[in-house]
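This report concerns selected helices of one protein model and the way they pack. The sequence and the coordinates are shown first.

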Amino acid sequence: MPKLTVDGREFQVAEGRTILQAIDDLGLLMSGVDIPHYCWHPKLSIDGSCRLCQVEVEGMPKLQIACNTPVTDGMKVHTATERVAKARRGVMELLLINHPLDCPICDQAGECKLQDYAFDYGVAGARTREPRRPAKKSVDLGPTIVFDQERCILCRRCVRFCREVPKTGELGVFNRGDESLLETFPDVPLDNPYSMNVADICPVGALTTRDFRFKIRVWFLDDVETVCNQCARGCNVSASRSNNKIYRFVPRRNDAVNDTWMCDHGRMSFKLNAQGRLAHARVDGKSSSAYAAAQRAGELARQVRAGGGRIVGVASPFASNEELEAFRDFLAEIGAGPARFAVPRGESDEILIEAEKAPNANGCRALGMTETNDSLGHAELAIVLGHTTHAAAFADVRRVVLVDSHESALSARADVVIPARTFLEKFGHFTNADGIVQRFEAVVEPAFEALSEREALDEIKKAFASAPAREPA
């Protein structure tokens, strides 16, 4: 492995890497070794157009761009010399010649690399007096992305993304020199399943998502690390929240799961958290508290067990590993046998989207549960987590206890309904399509009484184990 010395610190790095790649591999890029950059992205091809990542390499007469300079054994790199600082100031001054000075009204303010680097590496003021080049404003590139052309610095990240990841190629840079502009090709809107990623990788405020644009300033948000639950991939995301409300999902880098991307459907799935929620517990069609409903569920299980009736358990591939384990143990305790589960399926691709439209089918399988959507047959009682099993499968079941987060055909048919928290309202672990166990965190609190599946099972278990109250003589 080649030895690379950066600002006096020696590292061993992988062979065949550029300076910027090697430092990123070490986890030190802009976190111990500051080499500012715009056009370079760890998951895209090298462009070398912005020239901001110039460094001084001993033995080379000119400054080199770190993004496209291969590491050689014994190479010594300097990132903080006056020569490097002067080059950075020059690049920043050129980039700002036509850029509007409207940070206070730009939606990217607070997370803009041009803003940050101008402060850290730029000059105090502009030397030009000519008016800035006019360009288009608030252009709809497609159904998800709005483009402010005058803010674009032509780093071409978005162009390379569309060509290399979804391979749809809707974007290009047209004309030459100072007439160069980013555009979509004629009659080709930016409309692919991963289109909103271009807003994430845009280092300035040129590309923004229609959904989040001007909703809230980013400094009012705090981010919680979690995962997407819309398919078995389990893309790592940051959920941005404020005042107990989720405003967006943005992808988090995980090279083993989703690189730095996520699909548009998963990105917008945070809105499903509040839609069609089961907000009230019910017992035999009447409103109840969640704890009273769990008490009734435990009583039903005890009565059926005492009478020798059949109890079946139906798990959910949306439940966490911890909840599935608790469900397995509870069913064994009441003599119900292994749980069954059903997995919704849909379209997939070769990038991230999996055919299994649930985050934890592998967790169900690992705990010995049976995958089927067939009829449950004759049973006195079914205890159910979620509603992925078709309601018709319960046709011959006498009583149904349902712990679920959203209304469904099954919740309308169930005798006891207990509102559950969604994965954004609790913590736990999912096992993704590749067998990787990933933790998710609680992002918000529900606006009504709701229990996690594990809490609901604990309450049902307590009621099941309690002796029935004696009737007065």
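## Helix environment and packing

In this predicted model, alanine 332 lies in helix H8. Its relative accessibility is 59%, above the 50% cut-off, and alanine 332 is therefore classed as exposed. Between alanine 332 and isoleucine 19 there are 57 Å in space, C-alpha to C-alpha, and the two are 313 residues apart in sequence.

Helix H8 also takes part in the surroundings of helix H11. Its residues 321-333 are among the elements against which the buried residues of H11 pack, and the others are helix H7 (290-306), strand E19 (379-385), strand E20 (397-404) and strand E21 (416-419).

Helix H11 comprises 13 residues, 453-465, and spans 18 Å from its first C-alpha to its last, close to the expected 18 Å. Glu453, Ala456, Leu457, Ile460, Ala463 and Phe464 are its buried residues. Viewed down the axis of H11, these residues occupy an arc of 125°, so they line one face of the helix. Residues three or four places apart point the same way because an α-helix has 3.6 residues a turn. Lys462 and Ala465, on the other side of H11, are exposed.

A separate helix pair is formed by H2 and H3. Their axes come within 10 Å and cross at roughly 135°, so the two helices are oblique to each other. The crossing of H2 and H3 is left-handed. The residues that make this contact are tabulated below.

| Helix | Residue range | Contact residues |
|---|---|---|
| H2 | residues 82-95 | Arg88, Arg89 and Met92 |
| H3 | residues 113-121 | Leu114, Tyr117, Ala118 and Tyr121 |

Definitions and conventions. Residues numbered from 1 in each chain as written. Predicted model: local features only at pLDDT ≥ 70, side-chain atom pairs only at ≥ 80, totals over all residues. Heavy atoms only, no water. Helix = DSSP H or I, 4+ residues; strand = E, 2+ residues; numbered from the N terminus. Expected span 1.5 Å × (residues − 1). Buried < 20%, exposed > 50% of the residue type's maximum accessible area, 1.4 Å probe, protein only. Arc of directions from axis to C-beta. Contact = heavy atoms within 4.5 Å. Axes fitted to C-alpha atoms, helices over the stretch in contact; angles between N-to-C directions. Parallel < 35°, antiparallel > 145°, perpendicular 65-115°, else oblique. Left-handed = near helix turned anticlockwise from the far one by under 90°.
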